[in-house]
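Student: Got a minute to go through this one with me? I'd like to see how the pieces sit together.
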Amino acid sequence: MHADVFQTLADPTRLRIIEALKGGEHAVNDLVDRVDIHQSGVSRHLRILQEAGFVQVRPEGTKRLYSLCPEPFKELDAWVTGYRSLWEARLDRFGEELERRQKARVASRKKEDTP
């Protein structure tokens, strides 16, 4: 996984465009309305997303329709999955430690309240 993938996805406008495209194919003007920036900005972000492989374009008459490409999202999911077990194990240990400390605190309070 390349760092530029994360840089591409880190931009809030590009994330809004991706969210809009989750519902299917859209023309640039449709995306302008959805992400609330000028057409030139949407086109620039779409070009960046296309160069990174996240979107594809299909000409239809005078329109250019954009849609998501599933492959890079699958690659990203596979990369994250590789780390998921590591983080889940750490979070499980963290949760166990929190529970142990809470029980110790409750026991300590009960001991203090006992005459």
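Tutor: Sure. One cut-off before we start: a residue is called exposed when its relative accessible area is over 50%, and buried when it is under 20%. At 70% relative accessibility, D36 therefore counts as exposed. Keep in mind that this is a predicted model.

Student: Where does D36 lie?
Tutor: In the loop between helix 3 and helix 4. D36 also has a positive phi of about 60°, although it is not a glycine.

Student: Which other residue takes a positive phi, in the hairpin of strand 2 and strand 3?
Tutor: G61, with a phi near 65°. That hairpin has two residues between its strands.

Student: How do strand 2 and strand 3 run, and how many bridges join them?
Tutor: They run antiparallel, and six bridges join residues 55-60 of strand 2 to residues 63-68 of strand 3. One of the pairs is Q56, whose bridge partner in strand 3 is S67.

Student: What's the strand order in the sheet?
Tutor: The order is 1-3-2, in an open sheet of three strands with antiparallel pairing. Strand 1 (26-27) and strand 2 are the edge strands, each pairing on one side only.

Student: How many bridges are there between strand 1 and strand 3?
Tutor: Two, again in the antiparallel sense. H26 has Y66 of strand 3 as its bridge partner.

Student: OK, switching to the inside. Which residues have the most contacts in the largest nonpolar core?
Tutor: I17, L21, L31, V42 and L46, in a core of 17 residues. Helix 1 (3-10), helix 2 (12-21), helix 3 (28-35) and helix 4 (39-51) each supply at least two residues of this core.

Student: What does L21 touch, leaving out residues up to four places away in sequence?
Tutor: H26, L31, L46, V55, Y66, S67 and L68. You've met H26 and Y66 already, as bridge partners.

Student: And V28, is that buried or exposed?
Tutor: Buried, because its relative accessible area is 12% and the cut-off for buried is under 20%. V28 is in helix 3. Leaving out residues up to four places away in sequence, V28 touches Q39, V42, S43, L46, R64 and Y66.

Student: How far apart are the C-alpha atoms of V28 and L46?
Tutor: 8.6 Å, with the two residues 18 apart along the chain.

Student: There's a histidine in helix 4, H45. Buried or exposed?
Tutor: H45 counts as buried, at 5% relative accessibility. Not counting residues up to four places away in sequence, H45 touches D11, T13, R14, I17 and I37. I17 is one of the core residues with the most contacts.

Student: Let's go to the outside. Which residues make the nonpolar surface patch?
Tutor: F6, W79, V80, Y83, L86, W87, L91, F94 and L98, covering about 870 Å². Helix 5 (residues 70-113) gives the most, with eight residues.

Student: Take L91 from that patch. Buried or exposed?
Tutor: Exposed, because L91 has a relative accessible area of 55% and exposed means over 50%. L91 is found in helix 5. As background, nonpolar side chains in soluble globular proteins tend to be buried together.

Student: Now the charges. How many salt bridges does a search of the whole structure find?
Tutor: Seven. Among them, E99 and K103 meet at 3.2 Å, N to O. E99 and K103 are four residues apart in helix 5, so about one helical turn separates them. E99 counts as partly exposed at 42% relative accessibility, and K103 counts as exposed at 54%.

Student: What about E51 and R47? Where do they lie?
Tutor: Both lie in helix 4, four residues apart, about one turn of the helix. Their side chains meet in a salt bridge of 3.5 Å, N to O. E51 counts as exposed at 60% relative accessibility, while R47 is partly exposed with a relative accessible area of 41%.

Student: Which residue does E19 form a salt bridge with?
Tutor: K22, with the closest N and O atoms 3.4 Å apart. At 57% relative accessibility, K22 counts as exposed.

Student: Last one: which residues are linked in a network of salt bridges?
Tutor: E25, R58 and E60. R58 and E60 fall within strand 2, residues 55-60.

Note on methods: Residues numbered from 1 in each chain as written. Predicted model: local features only at pLDDT ≥ 70, side-chain atom pairs only at ≥ 80, totals over all residues. Heavy atoms only, no water. Core = buried A, V, L, I, M, F, W, Y, C linked by side-chain atoms within 4.5 Å. Buried < 20%, exposed > 50% of the residue type's maximum accessible area, 1.4 Å probe, protein only. Contact = heavy atoms within 4.5 Å. Patch = residues over 30% accessible without salt bridge, like charges linked within 9 Å, V, L, I, M, F, W, Y side chains within 5 Å. Areas by Shrake-Rupley, 256 points an atom, 1.4 Å probe, with all protein chains shown as cover. Salt bridge = Lys/Arg side-chain N within 4 Å of Asp/Glu carboxyl O. Pairing = 2+ DSSP bridges.
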